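Welcome! Please take a moment with the sequence and the structure below, and then we can walk through a few places together.

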Amino acid sequence: MLHKTETVQTSRVDHLLIAEMVAPESRVLDVGCGDGELLQLLADTKAVDARGVELSRERVNACVARGLSVIQGDADKDLADYPDQAFDYAILSLTIQATLRPREVLQHLLRIGRRAIISFPNFGHWRIRTDLLLWGRMPRTTNLPEPWYASPDSHLCTIRDFVELCELLDAAVEEAVAFNSAGRRLPIKRSLSLQNLLGEKAVFKLRHRTPANGS
Amino acid sequence: MMAIQSPLQQERTADDGVPVHHGTVTFPAEQPLDLDSGKKLGPFTIAYNTYGTLNGDKSNAVLICHALTGDQHVTNLHPLTGKEGWWSLLVGPGKPIDTNRYFVICPNILGGCMGSTGPASVDPATGTPYGLTFPVITIGDMVAAQNRLIEHLGIDQLFAVLGGSMGGMQVLEWASRHKDKVYAALPIATAAWHSSQNIAFHEVGRQAVMADPKWLRGDYHSHGVVPRNGLAVARMAAHITYLSEDALHEKFGRNLQNRSDRTFSFDADFQVESYLRHQGSTFVDRFDANSYLYITRAMDYFDLAAENGDVLANAFRGTRARFCVVSFTSDWLYPTRESREIVQALNAVAANVSFVEIDSNAGHDAFLLDEPEFFATIRGFVESCAAKRGLPPPVEQA
């Protein structure tokens with residue numbers, strides 16, 4: 001099972017971008033780890049001490065059965081249990097938009113991890129803007145396929161919104177990558193406006209400017 | 001000589017060919033056990049079973065801690081009942097706890113009645129059974145006795161310690177008191193402290209035993225009698241707590257026992273009554289009433305937070321063990337909420353912890369039953385720990 005070197009497989013571009021941001025042999029907490037794909041990728045390619053939290057009982061059990069250290073828990077409730085700076089990285093991949101209190105969740109991530117890495121769908125993408133402008137309805141894209149009444153995403157934001165939240169929480173952006181549906185990075189690092197218009201998703205690596213003095 | 005060891009007997013179980021070794025070790029009076037009560041107990045004997053082979057560097061030892069009415073016969077035919085071992089579904093060749101790979105040790109607990117020193121044992125000072133002169137013991141004392149056995153076997157670190165219910169309490173105590181001796185810990189269907197409700201049920205059981213006129217203030221051995229009725233009632237009451245309302249309803253409903261109508265008497269008209277009576281009467285054939293009193297007391301006294309300044313996380317501070325905490329949805333004796341408290345305490349010290357809740361309607365006893373999702377998670381967790389510990393992968397059997 002785990003002790004074999006497996007071919008790295010991931011269907012998610014943001015996972016590969018996140019993996020690039022993670023230093024080898026570090027301690028990682030993936031909040032909302034799903035079926036453990038990112039944890040497995042990080043364990044296989046970066047030899048990290050990988051832990052996960054996942055809401056769905058079935059997914060947790062599947063993760064543990066494949067040898068990953070995962071607990072059943074809720075990002076909105078259970079992050080308070082963790083001590084300050086217990087991990088090198090606290091990761092939230094395509095999950096923040098589904099939390100009840102994104103601000104508090106992000107605060108906890110910045111507290112628990114020396115770095116926080118967050119990926120999220122960008123609601124500022126031009127197709128979403130034009131959908132809303134032209135048709136006057138809540139946009140539905142491949143990233144956001146559900147109708148508004150069935151969507152788990154209660155707190156969608158744009159890249160610009162997210163940058164503002166980072167400022168509000170005194171978080172320094174160390175890296176920010178926007179990418180399109182083909183998974184291609186956008187070579188427009190300097191312009192936030194262009195990233196916000198052309199990026200379908202984004203990955204941010206953050207650091208709290210005044211970290212808590214945890215253990 | 002440190003301890004007196006009886007010659008190891010070896011036999012093969014009928015079905016799966018895994019050799020079981022029955023061992024006993026007696027620690028002499030000069031090396032007594034320092035009990036949590038402040039008293040000393042010595043000499044004392046620990047009876048244990050082992051399965052599989054200890055590897056060269058003694059890194060593949062797995063300690064199994066049994067529950068209140070369990071014993072060391074984990075996966076061999078029970079010598080008294082002739083039934084399969086109580087965890088034969090989980091432990092054995094190719095099973096999640098694979099006896100082809102691990103050296104599995106299961107001692108009968110201190111205070112038990114299957115060969116380890118307990119209230120039915122003869123007090124060498126008097127030549128008669130201890131009865132109520134046996135000291136009140138704790139879960140910590142049980143673990144201290146097990147630690148003496150592990151030292152006797154020359155094992156520095158256990159690859160894994162696992163157990164359900166009271167066995168899980170011992171796992172937590174091991175992980176807390178012997179941090180460097182536990183590589184992986186699996187507390188299953190358990191809690192870090194015994195709840196008021198659980199103490200209440202135990203008190204009912206103890207009162208049932210003590211109300212039996214044949215109990216004779218615990219001195220029944222000297223008079224050649226056994227408080228069968230009292231112990232059977234205790235078992236019947238306890239057995240209900242190991243199940244769930246759904247499980248009872250599915251198994252028995254309001255079905256009548258071998259009769260077409262009510263008898264308008266106090267016979268066991270209902271199947272559930274007949275079942276409980278059977279559970280009670282078979283239990284007394286294999287269990288000592290005083291042991292039942294002492295062991296339930298040890299569980300009632302268990303409170304790992306209280307032992308650590310009322311902060312459960314302190315029990316685990318500095319641990320490097322990998323934990324896998326397991327609960328079952330329908331277990332109302334040790335509900336998921338209590339497992340979650342253990343997980344919270346482990347998170348508070350950034351311990352490496354997995355936590356699964358298994359969907360089952362079987363109640364507390366689910367940990368003893370055929371629960372495929374439970375087995376899959378245990379197998380995955382243990383295999384990943386084995387890989388990290390550098391133990392060889394399972395041998396593919398032709």
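What distance separates the centres of domain 1 of chain B and domain 2 of chain B, taken over C-alpha atoms? The answer is 26 Å. This is a predicted model, in which local features need pLDDT of at least 70, side-chain atom pairs count only at pLDDT 80 or more, and totals for chains, interfaces and linings use all residues. Residues are numbered from 1 along each chain as its sequence is written, while chains are lettered from A and ligands numbered from 1 in the order in which they are written.

The two domains of chain B, with bounds from an automatic or database domain assignment, meet as follows; contact here puts two C-beta atoms, placed from the backbone, within 7 Å.

| Domain of chain B | Residue range | Residues in the contact |
|---|---|---|
| domain 1 | 4-194 + 302-389 | 26 residues |
| domain 2 | 198-296 | 23 residues |

Chain A meets chain B too: 19 residues of chain A are in contact with 22 residues of chain B. On the chain A side, helix H3 (57-65) and strand S3 (69-72) each give two or more residues, and H3(A) gives the most, with five residues. Helices (H or I, at least four residues) and strands (E, at least two) are DSSP runs, numbered from the N terminus.

Elsewhere in chain A, A:Asn196 lies in helix H8 (residues 192-198). With 22 other C-beta atoms within 10 Å, A:Asn196 is buried (20 or more such atoms, placed from the backbone, count as buried). Leaving aside residues up to four places away in sequence, A:Asn196 touches A:Asn122, A:Gly124, A:Thr158, A:Ile159 and A:Arg160. A:Asn122 is 74 residues from A:Asn196 along the chain, yet their C-alpha atoms are separated by 7.1 Å.

Note on methods. A residue is buried if 20 or more other C-beta atoms lie within 10 Å of its own, exposed if 12 or fewer, and partly exposed in between; C-beta atoms are placed from the backbone.
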